[in-house]
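Reader: Please take a close look at one part for me, the interface of chain B and chain A. I would like the terms spelled out along the way, with their cut-offs.

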Amino acid sequence: MSNTAIELKNLNKWFDDFHALKNINLTVNKGEKVVICGPSGSGKSTVVRCINKLEKHQSGTILLDGKKLTNNPKSVTSVQGDIGMVFQQFNLFPHLTVMENLILGPMKTQRQSRQKAVEIALHYLERVRITDQAQKMPSQLSGGQQQRVAIARSLCMEPKVMLFDEPTSALDPEMISEVLDVMVELANDGMTMIVVTHEMGFARKVADKVLFMDQGQIVEQALTEDFFNSPKTQRCQTFLNQILKH
Amino acid sequence: MKKICLSLFALLGLCSCSSDIWGWYVINPTTPSGWINIKFLVSGMGNTILISVTAAVISISLGLIVALPGQSSKRAWRIVNRVYVELIRSIPLLPMLFWVFYGLPIIFKSMGLNIPIDPFWGAVITLAISDSAFTAEIYRSGIQSIARGQAEAAQTIGLSYAQSMRYIILPQAIRRILPPLANQFIYIVKMSAFASVIGMQELTRRANELVVTEYRPLELYSLLILEYLVLVLIISAGVRWLERRMGSDE
């Protein structure tokens, strides 16, 4: 077994005639934490969405654990359980309780018994520190709590990789840290993570590698230390100056 | 029931006492012949309800079957859905009823099938198919009203398309589309009157038959309209109850 969790080779993606991703090359090793940042519209969410096949890619290859991912719907379904995804808008199922949100995937796609699924769900609810809310509806929770439930929901599938698409962008400022705390713990446990975020503090603390994207390209890719201390490109320096100014 | 009829009759009498065009004796519940006529007219109610409910049940299932290809990412499936909806929606009910009742058996026979179509099934099939185009559109708007993120979240926990529909999308959509679906049921009840044309013994047919023997169309059709009014009011009350109930657990 190789040490590579995800590998993107010359990935290209078009939305009609808009060239959204241009020759993306990226290697993520097992246990590695990668943060992707960049201005909005730069394609960072699209990279993540191509990896778990919410978007089709038009050329290039995506390897998960050395296996090639295609756009074929059947193979897509089989692979999606291996890749956890946390959305900006949480996307909890509003008609189901927190517990039902968590056990649906394991019961329906991994054929687990309800008892086993509940056991796993409680374990992860504990990790995100919301065990006492298991029987509530998502709408009864705060944004931060909802996002932590969403993280637990992904973890219940016991994924090999976790993707985060701006997980704190829709949250009130005082709730951001409770979500980031959970993500830091997850990182410390050795989960492979790709995180699209503007939280540079989090990136500094957790990331092994930071990617800066602009206009569908990876402009800069560096180890976290180097990225913040000595950004090579002018574009990246400007971006960092702007978001670190305050 | 006799009391209700009596009070209604009294009311109508008041409205028409100054005029000599009315002949309410034909449905006067105090006379034996009038009472027999009323019972004859109202006895069509059972069939009207039976046709409507059967057609509605079929239409609700058929509508979903028609709506789902419309959500497909494959163009061919979406075209199938569009063609069905546009075609069925544009056929007036009465010609379709004639086609099903008089035409369809000929097709069946040419295929070597011996499937007789009686007035009941003729009416039910026509109403159901005709209505399914509208039901399908209601499903479509309901499904589309569910945020895209829901289907995406379902995908990311590994649910297949069918599972995502079954556990995530439809349970949420159904709350939004029940009121318009119920509305559509009222439409079916009213359109079931066309079944009288192919000899189905329902409310309108009963009224027609009595008009032929009694020569009092004004009074008999007035009562007929009243019968539909009562039926629809009952359904409307049911729909409002349903809306309140569903609104409360949001």
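Author: Contact here means heavy atoms within 4.5 Å. The model is predicted, so local features need pLDDT of at least 70 and side-chain atom pairs count only at pLDDT 80 or more, whereas totals for chains, interfaces and linings use all residues. Residues are numbered from 1 along each chain as its sequence is written, chains are lettered from A and ligands numbered from 1 in the order in which they are written, and side-chain values use heavy atoms, with hydrogens and water left out.

On that basis, 23 residues of chain A are in contact with 18 residues of chain B. Together the two chains bury about 1,700 Å², buried area being the accessible area (1.4 Å probe) that two parts lose on being put together, summed over both. Of this area, 60% is on carbon and sulfur atoms. On the chain B side, the residues that lose the most area to chain A are Thr156(B), Ile157(B) and Tyr167(B), which together account for 34% of what that side buries.

Turning to individual pairs, the rule finds one salt bridge across the interface of chain B and chain A, where a salt bridge is a side-chain nitrogen of Lys or Arg within 4 Å of a carboxyl oxygen of Asp or Glu. The side chains of Arg49(A) and Glu152(B) meet in a salt bridge, at 2.6 Å from N to O. Seven residue pairs, with both residues at pLDDT 80 or more, are in polar contact across the interface; this term stands for a pair of N or O atoms within 3.5 Å, one able to donate a hydrogen and the other to accept it, and residues adjacent in sequence count only if both atoms are side-chain atoms.

As for the elements involved, helix 7 and helix 8 of chain B are those that give two or more residues to the side of chain B that touches chain A, helices being DSSP runs (H or I, at least four residues) numbered from the N terminus. Helix 7 of chain B gives the most, with eight residues. By class, that side of chain B has seven nonpolar, eight polar and three charged residues, with Ala, Val, Leu, Ile, Met, Phe, Trp, Tyr, Cys and Pro counted as nonpolar, Asp, Glu, Lys and Arg as charged, and the others, Gly among them, as polar.
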